[in-house]
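Biologist: Could you walk me through this model, one question at a time?

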Amino acid sequence: MSTVSHRRARAADVPRLIEIHRRAVRDLGSAYYTDRQIEAWAAEAREDAYPVVGSDVLLVAECDDDILGFGQLSLERPEISKLFVDPVSAGDGIGTSLLAELERFAAERGISELFLDASLNAANFYHRNGYTYGEMLNKYLPVDGGEVVFPALRMEKKRIDRD
């Protein structure tokens, strides 16, 4: 694989971000969630869910002009609100590099701790990257005119370094 680079997302990237989001949810989350939960989670991937302008930081990881993954950091909360990698690149270090880049971005702005709500399939990934397990939570996602309970795990990293 060629070198992976990171950059801020652009409006033209949004269709690819939606594709990655949905593929990752369906391919990587299916061992942890029901079909109904997966479809509600995948439905969150819509055009207005990827702020390319504003107070959130939306980064993409790309190689040879192809976006392999993306991550979103809310500076106001401070929280990692999204981190998805195309399943064909899962395990290649793309998620780790994106997470490190988001953490570096946060540290440069004086943020010393970050939070996130990890899906059950991603909790071990975050733990390997220095996040501690917190409480289990139930999120409620809209589906078919109702709601579905979506279990997640609150996690935090107390010391963000400027590497």
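What follows is a chat about the pocket, a helix, the salt bridges, the strands and two single residues.

Modeller: Ground rules: this is a predicted model, where local features need pLDDT of at least 70 and side-chain atom pairs count only at pLDDT 80 or more, while totals for chains, interfaces and linings use all residues. Residues are numbered from 1 along each chain as its sequence is written, and side-chain values use heavy atoms, with hydrogens and water left out.

Biologist: What volume does the largest pocket have?

Modeller: A pocket here is an open set of points on a 1 Å grid over the protein atoms alone, where a 1.4 Å probe fits, with protein on both sides within 12 Å along at least five of seven lines. Points are joined across faces, edges and corners, and the volume is the space filled by probe spheres set on them. For the largest pocket that comes to about 920 Å³.

Biologist: Which element gives the largest share of the lining of that pocket?

Modeller: Lining residues have an atom within 4 Å of a point, and the largest pocket has 37 of them, with Leu-83, Phe-84, Ser-119, Ala-122 and Tyr-126 nearest its centre. Elements giving two or more residues include α1 (14-28), α3 (94-108) and β6 (132-143); helices (H or I, at least four residues) and strands (E, at least two) are DSSP runs numbered from the N terminus. The largest share, seven residues, comes from β4.

Biologist: How many residues of the lining are charged?

Modeller: Ala, Val, Leu, Ile, Met, Phe, Trp, Tyr, Cys and Pro count as nonpolar, Asp, Glu, Lys and Arg as charged, and the others, Gly among them, as polar. By that split the lining of the largest pocket has 19 nonpolar residues and ten polar ones, and the charged ones number eight.

Biologist: Which residues of helix α2 are buried?

Modeller: Buried means under 20% relative accessible area, exposed over 50%, and partly exposed in between (1.4 Å probe, protein chains only). The cover over the buried part of α2 includes α1, β4, β5, β6 and β7. In α2, which spans residues 35-42, the buried ones are Gln-37, Ile-38, Ala-40, Trp-41 and Ala-42.

Biologist: Which residue meets Asp-144 in a salt bridge?

Modeller: A salt bridge is a side-chain nitrogen of Lys or Arg within 4 Å of a carboxyl oxygen of Asp or Glu, and the whole structure has 19 of them. The one at Asp-144 has an N to O distance of 3.0 Å and reaches Arg-36. Asp-144 sits in the loop between β6 and β7 and its partner in helix α2, so the pair ties together parts 108 residues apart in sequence. Asp-144 is exposed at 69% relative accessibility, and partly exposed, at 39%, is the partner, Arg-36.

Biologist: And which residue meets Lys-139 in a salt bridge?

Modeller: Lys-139 is partly exposed, with a relative accessible area of 32%, and its partner counts as partly exposed too, at 28%. Lys-139 lies in strand β6 and the partner in strand β5, so the pair ties together parts that are 22 residues apart in sequence. At 3.2 Å, N to O, the partner is Asp-117.

Biologist: How many bridges join β6 to β7?

Modeller: Two strands pair if DSSP finds at least two bridges between them. β6 and β7 form a hairpin with two residues between them, and Asp-144 in the turn has a positive phi of about 50°. One bridge sets Leu-141 against Val-148 in β7. The two strands run antiparallel, and the number of bridges is ten.

Biologist: Which residue in β7 stands opposite Phe-115?

Modeller: Here the pairing is between β5 and β7, which run antiparallel and are joined by six bridges. Opposite Phe-115 in β7 is Glu-156.

Biologist: Which residues is Gly-134 in contact with, leaving aside its neighbours within four places in sequence?

Modeller: Gly-134 belongs to strand β6 and counts as partly exposed at 41% relative accessibility. Contact means heavy atoms within 4.5 Å. On that basis Gly-134 is in contact with Leu-153, Arg-154 and Met-155.

Biologist: Is Ala-106 buried or exposed?

Modeller: Ala-106 is found in helix α3. Not counting residues up to four places away in sequence, Ala-106 touches Leu-73, Ile-111 and Leu-114. With a relative accessible area of 0%, Ala-106 is buried.
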